[in-house]
Amino acid sequence: MPHESPRSARAYHRQIEEALNDSFQRRTLDKFAVEYRASRDKVFEEVDGRELIRRIADVKDAAAQHIEELYAQFKTEAEKRGVVVHRAADAAEAREIIAKIAAENGVKSIVKSKCMTSEEIGLNAHLRAQGLDVCETDLGEWIIQLRNEGPSHMVLPAIHLSRQQVAEDFERVTGEKQDREDVQRLVKVARRELRPKFEAADMGISGANFCIAETGSIAIVTNEGNGRLVNTLPRVHVALTGLDKLVPKIDDALTALQVLPRNATSQRLTSYVTFIDGAGPCAKSPTGRKMLHIVLLDNGRTKAAKDPLFSQVFRCVRCGACANVCPVFRLVGGHRMGHVYIGAIGLVLTYLFHDRQIAKTLCQNCIGCGSCKDICSGGIDLPALIQEIRARFGREDGSPLPAKLASLAMKNRKLFHTLLRFANFSHRPFAGSDGFVRHLPMVLFGKQGFKSLPSLAKKPFRDMWPELQKGAGQDAGKPKLKIALFAGCAQDFAYPQQLVAAMKVFAAAGVEVSFPMEQTCCGLPLTMLGESKTAADVARQNVAAFAGEYDAIVTLCASCASHLKHGYARLLGDDAAAAAFSAKVMDFSSFVHDKLGLDSAVVAHGNEKVAYHASCHLCRELGVKEAPRALIRQVAEYVPSAEEESCCGFGGTFSAKFPEISAELMRKKLAHVTESGAKRLVLDCPGCAMQLKGGADKLGLDLKVTHISELLADNLRDAK
Amino acid sequence: MEKSPSFDEGTVARFVERAEAVATKVTRVADGAAAEKLAAEMLAAEGSEHVGVVRVAKGIADTGTCVVVTDDEETRLKTMLPETTVFILKAEDIVPHLADIAPFLRSRQADGRVSYTSFISGPSRTADIERVSAIGVHGPLAVHVILQEG
Ligand code: SF4
């Protein structure tokens, strides 16, 4: 029985609160997240991971397009070899088919090996209702069966449980005292208890990781060895899997097998990979041959295959990695990060296979950090899929009020900027002299109180521009480079000092800067809110505003940069002007380090200890890793800190929707930085700055949080 | 005159290293007779209830894997039920990479053939309780490969 999935934001927040208080799960998942990364990276060193992932994506994309041909070929080949192939349109039909196979063969008891598809269709409950004895034999699945729970991870179903809890459950079934500390002994209990079940079972049910069309064979990937017992000992074997597991050739399975175990469990290969081709000899069977049935489930898959975006789900090999690296999963656990399937793909599949209302609730809980996309065995753009689901809910159910208001306001730049100025005005009486809003009654913020919020600047950057422009790159004679500056709302209105610092650096290095006044919000928040039409309008405005001749369009906001560079193509399609615009966009660090170059005549090296926070949009979306660190090293002592690339918890509107999660991520990040001994933390994104500056202030840390532009400006020779 | 070996030492060495990395014990012997003798001794020491001796069709160096033809149930069960599996593998049958096993698999599956092929890389294992690695959950606790060079 799966856990109770949330149907409303309220119920969901209650469950999240509970999960955040589960200290065992928190510790376990923290440890897992760190160890997984390290061991996973190591086992990928010896292969070309990117290339393998690309090949898996290509094969699976093609499979999604040729699903009917593949199915027909698979069926023909398997039936040639004595297999019965069934196709189930939905969960109910799949359950019926399997119950009927059991009835026709006089089956009384069933052993199962791990099969997420059976969780998807709620198979066990159905079979038990027919009076059948059903026993899970995968250790983790058996444990959660004893507790009547659903898996909290696709590969490690019982990761949320402690050895003591497991020992208690084992005491209940065996009636014997168990050693509550010794995991090795507990494992032996499973071996002892389950062996007789295998011997007695009439039917085995397994999943299948690959269905190979050219030969009608299936491949099953396991570690425990229960899978082989399940498909060998009983006289009937039912393999249940999704249509998305069809691949054309043996070689395709072998390609995916180079990634799946590495990504799932950091293994080069699992202990067992079994290729079953046809119904082989079977002593227990009355015919002397195994009764082998393969059930291929549709349940929304062929519909997804026809969708240009969602067809990507065919690439999923169920490795579970998207959960392993998800900062939200790490905090709340799998039961709160999925319905049946867990992790980023779990959110998407809940939408495609299961319940609309649950999907709507769960899909809000993606911070958009891109870690899942970066690690996925099939290179699925999971954040974009989740984003699109939100957008669809927005279109189908009507946008929630805040999204509607934002959309309305941002369509018109002047109105939007007026509103921002007004927000500034209304904040002013509460602002401290250091630029934080501390005294707003917290009741206005609810759980937002975990960080100090910036007050909006007295004077936005765009109002300072006429003054600044006078000095912009003119004393240096002929400029080295000509750029246009894209400010982004957060810097323009909240952190103009980050841009002012950049102007100092540009001036010292001989860069001529333009600031097109018609520029507006990049539009990312609109995309995040699912307001894609207005997002496209806003994008067009910006493309037009930056039509001049520049060597680069530079922005100090990593999120804007990634949206301007990659997001616009998605929004505007093949638009030549937009493509030219996007090609010129550079983030500040890459521009300064890779294109401009700062020599020691311009900057000096100070002795400040500086840590770095790698913004999600910079390190993953834009793949910029070296440039900012090199810049820090040029002017200061760079002190590495743990998990530099993990999300700070901001995530734009996410921090307002899930403040409890946002706050935890922020605290973790700041704890790592504090441990490093750094006195300053620099970053490349005003959003991260808002989160971490505000957090450091709230926590009273002796830590200066600045943009990297400010670090550079502080170390200009002129300034010293 | 010394016969040049029929296998590539680099590939074989990688097989040994990677097999050992997944807790497989590897013993190199000179020829078939020596392999049979060692296997017989191991079987005699523990008895067939506890030891299964099986010939391996192919090895895969990159993953330290034994590829075993297990079409009949008896052979298959020998690699599942006893606590120890003893594999006999000829060095010349080791292929370097996982992808190199495709022709072998295809030859076993093509033209309507019915087959059951097992890739085995070390003993049965689990990490389902607190992610603590444990060996021998449902299958063998120990895997021993007798690597026959000649
Ligand atoms: S979506 Fe990608 S990362 Fe997630 S389980 Fe599927 S293959 Fe693995």
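**Cavities and a pocket in a predicted model**

Modeller: In this predicted model, the largest cavity has a lining of 16 residues, and those nearest its centre are Cys326(A), Cys366(A), Ile367(A), Cys369(A) and Cys372(A).

Colleague: Why is this space called a cavity?

Modeller: The term applies because a 1.4 Å probe fits at its points but cannot get out. The space in the largest cavity is about 100 Å³, and the count of cavities of 30 Å³ or more comes to 5.

Colleague: What makes up the lining of the largest cavity by class?

Modeller: The lining has 12 nonpolar and 4 polar residues, with no charged ones. Cys and Ile count as nonpolar, so the five residues named as nearest the centre belong to that class. In chain A, α16 (327–332), α19 (371–375) and α20 (382–397) each supply at least two lining residues.

Colleague: Which residues lie nearest the centre of the second largest cavity?

Modeller: They are Cys316(A), Cys319(A), Cys322(A), Ile345(A) and Cys376(A), from a lining of 14 residues. The volume of the second largest cavity is about 80 Å³. Its lining has 10 nonpolar, 3 polar and 1 charged residues.

Colleague: What makes the second largest pocket a pocket, not a cavity?

Modeller: It is called a pocket because its set of points is open, with protein on both sides within 12 Å along at least five of seven lines. Its volume is about 1,300 Å³. Among its 50 lining residues, Val155(A), Asn223(A), Thr265(A), Gln267(A) and Thr270(A) are the closest to the centre.

Colleague: How do you know that both chains contribute to the second largest pocket?

Modeller: Elements supplying at least two lining residues each include β6 (217–222) of chain A and α1 (9–21) of chain B. The most comes from α2(A), with 6 residues.

Note on methods: Residues are numbered from 1 along each chain as its sequence is written. Chains are lettered from A and ligands numbered from 1 in the order in which they are written. This is a predicted model: local features need pLDDT of at least 70, side-chain atom pairs count only at pLDDT 80 or more; totals for chains, interfaces and linings use all residues. Side-chain values use heavy atoms; hydrogens and water are left out. On a 1 Å grid over the protein atoms alone, a cavity is a set of points where a 1.4 Å probe fits but cannot get out, and a pocket is an open set with protein on both sides within 12 Å along at least five of seven lines; lining residues have an atom within 4 Å of a point. Grid points are joined across faces, edges and corners, and a volume is the space filled by probe spheres set on the points. Helices (H or I, at least four residues) and strands (E, at least two) are DSSP runs, numbered from the N terminus.
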